[in-house]
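Biologist: Can you take me through this one? I'd like the overall make-up, then some helix packing.

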Amino acid sequence: MAPAPDADGAPRPAPVAPAPVAPASVEPAPVAPASVATRPRAGTPAVVARGLTKRFGETTAVDGIDLEVAPGESFGLLGPNGAGKSTTMRMIGAVSSRSGGDLRVLGLDPDTHGPEIRSQLGVVPQEDNLDTELRARENLVVYGRYFGLSRRVCAERAAELLAFAQLEDKAEAKVDSLSGGMKRRLTIARALINEPRVLMLDEPTTGLDPQARHVLWDRLFRLKERGTTLVLTTHHMDEAEQLCDRLVVVDHGRIMAEGSPAELIRRWSTREVVELRFGSDRNAEAALRLDGLADRVEVLPDRVLLYTDDGEALLARVADRGLHPTTSLVRRSSLEDVFLRLTGRSLVE
Ligand SMILES: Nc1ncnc2c1ncn2[C@@H]1O[C@H](COP(=O)(O)OP(=O)(O)O)[C@@H](O)[C@H]1O
Ligand SMILES: [Mg+2]
């Protein structure tokens, strides 16, 4: 597919080329005894994917992605709905097989070591799948029992995790009676019951109100501080900026860019952005008169974005041209701008 042109005619960057396959990523399948073979070496990457692909009939949901997650890292997949994030998470979680490419999770191949991988992961799926008939504490205990933990260990960990999730006073409440944010925290607590090496979170805060999102971010940040490896997906750039040490921007099953939030912004955007609103039917026309003022101009239906390193100086020059937007705003560049630059579309439509 040819890259779509920018508003200013510059071509969009092509998706990043696949990295050469490192010899370490094609480790032979571990051999018996299982207790030794399945124990990852210190420093084994949490996840290595090379050319990872998933097809559903005619649809290619994941189109040959390369990524590597280091132990202790907080790694994100940022992309819009339909980008292939959940499909990727399910392959990493060893609940969906890949159609092509190579994948190692904690050094193991999900095709041959699904149970070993699943026992070392904590999974927070996009849709909460708590047992709504059970109370909060019971959800944790029952889940712990699936992992073969003793009743005593389950009870101890459930108590600790209810405290961590700030749900102690809801321990005996039925799941049905919990708010969306509480259910999400309970799902995270449940995912931690087996003391996983990697916590996988698919859209951890989508659909929550801002306050509930901040409570959740705080909990996830604590896990990150403790050194838990986090792999998360989101279509909220603020969430990616808050939580991810490093992320990949995904669109249509392909990786468009990779780096820390700051690196991505430095590479793909300018320091500042000026947002001008001239009224919905006048933005495109006004943009023509802004020619040459900014490094790059993006015309959105509701506003014009001018990319520059000095927003205030640019605003003054807009006024010099006799242009009077209804509203104007200077802000720092965000991952939203990176996404727009890479794909020509907004992250949240
Ligand atoms: N089980 C499935 N069967 C068929 N198509 C699917 C299935 N799961 C996902 N897809 C398709 O794969 C693409 C990526 O979906 P998904 O991984 O859920 O994206 P995201 O999580 O980024 O929103 C979409 O086009 C979706 O419709
Ligand atoms: Mg999804």
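Modeller: Here are the conventions, the overall make-up and two helix pairs.
This is a predicted model, in which local features need pLDDT of at least 70, side-chain atom pairs count only at pLDDT 80 or more, and totals for chains, interfaces and linings use all residues. Residues are numbered from 1 along each chain as its sequence is written, with chains lettered from A and ligands numbered from 1 in the order in which they are written.

Biologist: How many helices and strands in the protein chain?

Modeller: 12 helices and 13 strands, taken as DSSP runs numbered from the N terminus (helices H or I, at least four residues; strands E, at least two).

Biologist: How do α6 and α7 pack?

Modeller: Helix α6 (residues 180-191) and helix α7 (residues 210-225) have axes 9 Å apart, at an angle of about 15 degrees. The axes are lines fitted to C-alpha atoms, for helices over the stretch in contact, and angles run from 0 to 180 degrees between N-to-C directions.

Biologist: Which residues of α6 and α7 meet?

Modeller: Gly180, Gly181, Arg184, Arg185 and Ile188 of α6 meet Ala212, Val215, Leu216 and Arg219 of α7 (contact: C-beta atoms, placed from the backbone, within 7 Å).

Biologist: And what about α4 and α6, at what angle do they pack?

Modeller: About 25 degrees for helix α4 (residues 136-146) and α6, with their axes 9 Å apart. So α4 is roughly parallel to α6 (angles under 35 degrees).

Biologist: Which residues in α4 and α6 meet there?

Modeller: From α4, Ala136, Asn139, Leu140 and Tyr143; from α6, Leu186, Ala189 and Arg190.

Biologist: Back to the whole chain, what share of contacts is between residues 24 or more positions apart?

Modeller: 69% of the contacts in the protein chain with a separation of 6 or more.

How values were computed. Two residues are in contact if their C-beta atoms, placed from the backbone, lie within 7 Å. Angles under 35 degrees count as roughly parallel, over 145 as roughly antiparallel, 65 to 115 as roughly perpendicular and the rest as oblique.
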